[in-house]
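Here is a short tour of one protein chain, written for someone who likes to click through residues while reading. Have the viewer open and follow along.

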Amino acid sequence: MAERLLVRALKGGKNTKIVTLNGKKITKMPSTLEKLPGLKTLDLQNNRIPKVCPEISTLTQLTSLNLGNNLLEEVPEEMKYLTSLKKLHLFGNRIHRFASGACDGLQNLILLSLNNNQLTWIPPEVSRLKSLTYLSINHNWLASIPRELCFLKNLSELQLNYNQLICIAEEIKFLKNLQKLFLVRNNIEVLPEGFCDLINLRSLDIAGNVIQIFPSGFQNLKLREFYCEENPLLMKQPVHAVKQEGVWRLQEITSRFIMNQLAEKNLFLMQAFEWYPQVRNIISQGRKCAICGKSFLAVWLECVEFVPPSKNWKISRNLQLVPLRILICSYKCFNQRGPNVFGIAQVESR
């Protein structure tokens with residue numbers, strides 16, 4: 001059956017635009033595909049192909065390639081020659097690496113599906129996929145994602161469900177066109193502050209992680225859907241605690257003075273600042289107090305503010321209050337906090 005279909009396609013020569021050989025138990029990609037230079041769509045899903053043939057590099061007009069559910073072990077280097085490719089399906093293989101240069105010629109790729117593979121990392125070269133709008137890497141073994149992925153400015157949907165992610169890069173804030181983000185069933189403990197800069201994000205699913213608190217400003221996201229079931233979110237259960245006034249380190253005292261003087265446009269410090277890169281690096285890590293607005297360096301007191309979810313959000317059934325991370329610079333400010341702001345305490349059960 002596969003041979004007859006292929007012969008029929010070959011008879012069409014350069015006029016053949018679509019070849020579909022799904023589920024034909026093919027164990028080797030036909031090298032005769034090079035005789036179809038006008039091919040636009042090649043569908044080889046559900047076969048037993050372990051690697052692509054070199055001749056595929058001649059299919060420079062190919063726009064859609066489906067190699068899902070085969071036996072590939074890498075994203076092939078030959079992909080770089082498919083300069084017209086827009087959709088690439090590689091789900092359900094045994095892929096655990098990207099071949100060197102695989103991303104080089106895929107500037108027109110808009111969809112990449114790598115679901116159900118064995119990837120433990122994504123190479124920085126993924127940043128070369130400039131036109132990518134949809135990326136799905138569900139059910140892999142990813143422990144992290146490269147910061148370079150966050151520079152795919154056209155990306156609108158990112159799926160990373162069922163991996164082993166423990167954190168999200170601060171650079172995610174650069175995905176300004178991201179509309180849908182799925183991070184279900186990972187090991188993520190915290191979302192970065194830059195997360196709140198995702199101004200076009202409309203759907204977020206972080207169910208089944210280990211998140212306790214969200215960054216300040218999270219409540220301002222223009223979400224339409226938000227799911228966070230099975231996370232150990234902080235609960236509003238106030239208890240009395242003993243206040244312990246801490247002693248600031250000399251570095252903290254000095255840093256606070258410098259940061260606040262810079263905020264007041266102290267010309268002497270602004271000029272001297274340029275000559276001390278180590279100091280600049282330290283100061284760049286400063287935070288602002290949620291109460292007084294002044295800068296400080298070390299996390300002096302981490303608090304939580306409970307706010308109701310937006311009425312515009314379609315949310316998890318049990319979500320009544322969203323816990324937001326609030327940083328305060330001193331007990332003086334802590335005593336001036338609002339009624340929904342609490343210090344975070346660990347209560348031991350007896």
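What follows goes through salt bridges, a pocket, a cavity and a few individual residues. Keep in mind throughout that this is a predicted model.

## Salt bridges between loops

Searching the whole structure turns up 7 salt bridges. Take Glu-74 and Arg-97 to begin with: their closest N and O atoms sit 3.0 Å apart. Glu-74 belongs to the loop between β3 (64-66) and β4 (87-89), and Arg-97 to the loop between β4 and β5 (111-113), so this pair ties together parts that are 23 residues apart in sequence. Glu-74 is partly exposed, at 26% relative accessible area, and Arg-97 is partly exposed too, at 34%.

Another pair to look up is Glu-230 with Arg-185, a salt bridge whose closest N and O atoms are 2.9 Å apart. Here Glu-230 comes from the loop between β10 (225-227) and α2 (250-263), while Arg-185 comes from the loop between β8 (180-182) and β9 (203-205), so the bridge ties together parts that are 45 residues apart in sequence. Glu-230 counts as exposed, with a relative accessible area of 56%. Arg-185 is partly exposed at 34%.

## Arg-325 and its network

Now move to Arg-325, which forms a salt bridge with Glu-193; the closest N and O atoms are 3.8 Å apart. This one links distant parts of the chain, with Arg-325 in strand β15 (residues 322-328) and Glu-193 in the loop between β8 and β9, 132 residues apart. Is Arg-325 buried or exposed? With a relative accessible area of 19%, Arg-325 is buried, because the cut-off for that label is anything under 20%. Its partner Glu-193 is partly exposed, at 39% relative accessibility.

The story doesn't stop at two residues: salt bridges with shared partners join Glu-193, Glu-302 and Arg-325 into one network.

## The second largest pocket

Two members of that network turn up again in a pocket lining. The second largest pocket has a volume of about 260 Å³, and the residues lining it are Glu-170, Glu-193, Ser-216, Arg-287, Lys-288, Ala-290, Arg-325, Ile-326 and Leu-327. Two elements, β11 (287-288) and β15, each give two or more residues to this lining. The largest share, 3 residues, comes from β15.

What is the lining of this pocket like in chemical terms, split into nonpolar, polar and charged? The residues divide into 3 nonpolar, 1 polar and 5 charged.

## A cavity with a nonpolar lining

The count of cavities of 30 Å³ or more comes to 1. The largest cavity has a volume of about 30 Å³. Around it you'll find Val-75, Leu-88, Phe-98, Cys-103, Leu-106, Leu-112 and Leu-129. The lining of this cavity is made up of 7 nonpolar residues, with no polar and no charged ones.

## Asn-47 and Lys-87

Asn-47 sits in the loop between β2 (41-43) and β3, and at 6% relative accessibility it counts as buried. What does its side chain reach? The side chain of Asn-47 gets to the backbone nitrogen of Ile-26, at 3.0 Å. Setting aside neighbours within four places in sequence, Asn-47 is in contact with Leu-21, Asn-22, Gly-23, Lys-24, Lys-25, Ile-26, Asn-69 and Asn-70.

Lys-87, for its part, is in strand β4 and counts as partly exposed at 39% relative accessibility. Its C-alpha atom and that of Thr-63 are separated by 6.4 Å, with the two residues 24 apart along the chain. Leaving out residues up to four places away in sequence, Lys-87 touches Thr-63, Ser-64, Leu-65, Leu-109 and Leu-111.

## Positive phi at Asn-116 and His-139

Two backbone details round off the tour. Asn-116 isn't a glycine, yet it has a positive phi of about 55 degrees. Look for Asn-116 in the loop between β5 and β6 (134-136), where at 42% relative accessibility it is partly exposed.

His-139 also has a positive phi of about 55 degrees without being a glycine. Its place is in the loop between β6 and β7 (157-159), and at 38% relative accessibility His-139 counts as partly exposed.

How values were computed:
Residues numbered from 1 in each chain as written. Predicted model: local features only at pLDDT ≥ 70, side-chain atom pairs only at ≥ 80, totals over all residues. Heavy atoms only, no water. 1 Å grid on protein atoms, 1.4 Å probe; cavity = no way out; pocket = protein on both sides within 12 Å on 5 of 7 lines; lining within 4 Å. Points joined across faces, edges and corners; volume = space filled by probe spheres on them. Nonpolar A, V, L, I, M, F, W, Y, C, P; charged D, E, K, R; others polar. Salt bridge = Lys/Arg side-chain N within 4 Å of Asp/Glu carboxyl O. Helix = DSSP H or I, 4+ residues; strand = E, 2+ residues; numbered from the N terminus. Buried < 20%, exposed > 50% of the residue type's maximum accessible area, 1.4 Å probe, protein only. Polar contact = N/O pair within 3.5 Å; in protein donor to acceptor, adjacent residues only side chain to side chain. Contact = heavy atoms within 4.5 Å.
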